[in-house]
Amino acid sequence: MSHTQALASFLAELRYDDLPDYVLDRTEDLFLDWLGSALASEGARPIPLFEAYAQKMGPADGPARILVNGRGTSAYFAALVNGASSHLVEQDDLHNSSVLHPATVVFPAALAAAQDLGKSGRELLLASVAGYEAGIRIGEFLGRSHYRIFHTTATVGTLAAAVAVGKLLNFDHKQFVHLLGNAGTQAAGLWEFLRDAADSKQLHTAKAAADGLLAAYFTAHGLTGAQNILEGEQGMAAGMSSDADPSKLSDRLGSRWALVETSFKFHASCRHTHPAADALLDLMQREGLRHCDIAKVITHVHQGAIDVLGRVVVPQTVHQAKFSMGTVLGLIAVHGKAQLTEFENLSLNDDDVAEFRDKVSMRLDPEVDGAYPARWLGRVEVVTTDGRTLHGAIDEPKGDPGNTLSRTELEDKFRRLLAFAGKRGSDEAGELIARVWRLRETDDLSNLA
């Protein structure tokens, strides 16, 4: 049996009763975190463009819900808009070793399909676990070389979303193989958009969620797909990777729950900035430094950070600022945090942040690069204005599984995300939190949010 076949068998055979309680707990945690990210982008560019497209091209009403405006539509258009909205504020989760943001592609597709098909919260959770487990392994399979050019959340995300919906449709082994073929042939998404501060990142996740759902619905009606889309001679690895490892596709299926390895985002920026941000903040607090005491910061990083963050020199938009190592560290140094309000109000307009940004550089570090992507180490070297050289080190950034956010912290983050959008009050935030914690007992998902 090939590794792809083994993965398809696992997905077909997976049952709700197979899931340990800690996996279900973590899935609910991840769902709440995703829901907050989706709601936080209400009214923010370019999400209204996606809403307008759905209104023009989709039905006037439907069983699936667009989160940012509450409208009913088809499952396809709900997945499209919710996939875009949940990836905008850079607060959605990340799985380290696959360099995949699973939530922003899995949950939009799974929730839209669950609402369309009248599924329960238990069925939604099972489908989401399947999407995470498949997506993470496919991301690991494609390797570091894939991520250098391709936005893994866009490419692999299409398959992860498809798997989640396929599970809701009760696919068997053969259907999952066809599904991977139909989803994989649509996989796309390139990093070049970062150079121009373009909006394409939201198109990436919107299309991944919607096209994954499309692949599943077509497969359910008999559309066949390539039988070896991942490992084949003209498949994804052949065209998109130079270091693919097929064994990753079937790594400890059923015993290693990769979903629980997923990290939450604490800072509202690209995850590649978080290790250095935490290391700098820890060093400044330890040494009692102010931003004006620092003459230079060298961040010791992995190659993936250079590939992604190196494209942004002087950010032109708030979103691009979240991919600027200097801007993120400037917010940390000057204001002590890099949350949504700091980015919105200070990332482009604060002279102290801009001055600090120019003091920051990135340097490839063999230790940090060797640990990546399994571990994202934070290492900074700081030269002070009085001539001292100081070093900061963080092995597990805030939000990583070994330094995770508690449910109380996740609830606080959720409330901050909704407050940032300014559309929902504290009471409504509390009710939404309670609904997520009751997912396992929920039979009707039509009015979840």
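Here a biologist and a modeller go through a predicted model.

Local features need pLDDT of at least 70 and side-chain atom pairs count only at pLDDT 80 or more, while totals for chains, interfaces and linings use all residues. Residues are numbered from 1 along each chain as its sequence is written, and side-chain values use heavy atoms, with hydrogens and water left out.

Biologist: Which residues does the UniProt annotation "domain: MmgE/PrpD N-terminal" cover?
Modeller: The annotation comes from an unreviewed entry. UniProt positions follow the numbering used here, feature names are shortened, and annotations may be inferred rather than shown by experiment. Over this stretch the chain is 62% helix and 2% strand; helices (H or I, at least four residues) and strands (E, at least two) are DSSP runs, numbered from the N terminus. The annotation covers residues 5-247.

Biologist: And where does UniProt place "domain: MmgE/PrpD C-terminal"?
Modeller: This feature also comes from an unreviewed entry. Its chain stretch is 48% helix and 15% strand, with end C-alpha atoms 28 Å apart. UniProt places the feature at residues 267-438.

Biologist: At what angle do α5 and α6 pack?
Modeller: Two packed helices are described by the angle between their axes and the distance between the axes. Axes are lines fitted to C-alpha atoms, for helices over the stretch in contact, and angles run from 0 to 180 degrees between N-to-C directions. Helix α5 spans residues 103-117 and helix α6 residues 121-149, with axes 10 Å apart. The angle is about 145°.

Biologist: How do the residues of the contact of α5 with α6 divide?
Modeller: Contact means heavy atoms within 4.5 Å. Helix α5 brings A103, V106, F107, A110, L111 and A114; helix α6 brings L124, S128, G131 and Y132. Ala, Val, Leu, Ile, Met, Phe, Trp, Tyr, Cys and Pro count as nonpolar, Asp, Glu, Lys and Arg as charged, and the others, Gly among them, as polar. The division is 8 nonpolar, 2 polar and no charged.

Biologist: Which residues touch the most other members of the largest nonpolar core?
Modeller: A nonpolar core is a set of buried Ala, Val, Leu, Ile, Met, Phe, Trp, Tyr and Cys residues joined through side-chain atoms within 4.5 Å. The largest one holds 89 residues. Its largest share, 12 residues, comes from α6. The residues asked for are F31, W34, I138 and F414.

Biologist: Is L159 buried or exposed?
Modeller: Buried means under 20% relative accessible area, exposed over 50%, partly exposed in between (1.4 Å probe, protein chains only). L159 lies in helix α7, residues 152-168. Beyond four places in sequence, its contacts include I138, L180 and M236. At 0% relative accessibility, L159 is buried.

Biologist: Why does K413 count as buried?
Modeller: K413 sits in helix α18, residues 407-421. Leaving aside neighbours within four places in sequence, K413 contacts D33, Q91, K265 and L405. K413 counts as buried because its relative accessibility is 2%.

Biologist: What is the omega of the cis peptide bond that joins R45 and P46?
Modeller: P46 is in the loop between α2 (21-40) and α3 (47-57). The peptide bond from Y372 to P373 is cis too. For R45 and P46, omega is about 5°.

Biologist: What is the phi of A197?
Modeller: A197 is in the loop between α8 (173-184) and α9 (200-220). A197 is partly exposed, with a relative accessible area of 21%. A197 is not a glycine, yet its phi is positive, about 55°.
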